[in-house]
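Colleague: I'm new to this and I keep tripping over the vocabulary. Could you put the chain up, so I can ask how you arrive at each label?

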Amino acid sequence: MTASDEAVSVRLGPVDQVPVGEGRAFLVGDEPVAVFRPRSGGLHALRAICPHRGGPLADGLLDDEVVMCPLHNHRFTLSSGECVSGGGVDDVAAYTARDEDGELVVSLVAP
Ligand code: FES
């Protein structure tokens, strides 16, 4: 971990507050971040605001690789934030989320 990574890492409490198969929204500093726990395992974090028209990505439908925005169904890759549904929608920022001894830690750096 670098010094700059340390500077933007925030401990957000127990990982279990994000149910498996769902996402939850958090604030990391001033940044709204959606953390996802896909059923296949692992943790992913994306900017919580859909770049299409501001939909709440944490409330989106999740599978093992993508989240679908609840407003207009654009899909974003969990690992990179890439918009994979076309339509000229921008990608969304992807951040690093990890489980440290049962605690959720999010860093505002790309995974
Ligand atoms: S606001 Fe997310 S798809 Fe439109």
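Modeller: Sure, one definition before we start: UniProt positions are given here in the numbering used for this chain, and an annotation may be inferred rather than shown by experiment. Keep in mind, too, that this is a predicted model.

Colleague: Okay, so which feature does UniProt place at residues 10-106?

Modeller: The record gives "domain: Rieske" for that stretch, and the entry is unreviewed. In the model, the end C-alpha atoms of residues 10-106 lie 5 Å apart. The span is 41% strand and 0% helix.

Colleague: What elements does the chain have, running from the N terminus?

Modeller: The order is α-β-β-β-β-β-β-β-β-β. That's 1 helix and 9 strands.

Colleague: How do you know that the radius of gyration agrees with a compact globule?

Modeller: You set the chain against the rule. For 111 residues, a compact globule would come out near 13 Å, and the chain has 13 Å, so the two agree. If you prefer box dimensions, the C-alpha trace spans about 40 × 25 × 20 Å along its principal axes.

Colleague: Why is Thr-77 called buried?

Modeller: The cut-off is under 20% relative accessible area. Thr-77 has 16%, so Thr-77 counts as buried. You'll find Thr-77 in strand β7, residues 75-77.

Colleague: Which residues does Thr-77 touch, leaving out those up to four places away in sequence?

Modeller: Leu-46, Glu-65, Val-66, Glu-82 and Val-84. What makes each of these a contact is having heavy atoms within 4.5 Å.

Colleague: How much of the chain counts as buried?

Modeller: 43% of the 111 residues do. As for what is left open, the chain exposes about 5800 Å², with carbon and sulfur atoms supplying 48% of that area.

Colleague: Where does Gly-42 sit?

Modeller: In the loop between β3 (31-36) and β4 (44-47). Not counting residues up to four places away in sequence, Gly-42 touches Phe-36 and Arg-37. Leu-12 is 30 residues from Gly-42 in sequence, and their C-alpha atoms are 16 Å apart.

Colleague: What share of contacts joins residues at least 24 apart?

Modeller: 38%, taken among contacts between residues at least 6 apart in sequence.

Colleague: Last one: how far apart are the mean positions of the positive and negative charges?

Modeller: 5 Å, with 8 positive and 17 negative charges in the chain.

Terms used
Residues numbered from 1 in each chain as written. Predicted model: local features only at pLDDT ≥ 70, side-chain atom pairs only at ≥ 80, totals over all residues. Heavy atoms only, no water. Helix = DSSP H or I, 4+ residues; strand = E, 2+ residues; numbered from the N terminus. Rg over C-alpha atoms; globule rule 2.2 N^0.38 Å. Buried < 20%, exposed > 50% of the residue type's maximum accessible area, 1.4 Å probe, protein only. Areas by Shrake-Rupley, 256 points an atom, 1.4 Å probe, with all protein chains shown as cover. Lys, Arg positive; Asp, Glu negative; His and termini not counted. Charge placed at Lys NZ, Arg CZ, Asp CG, Glu CD.
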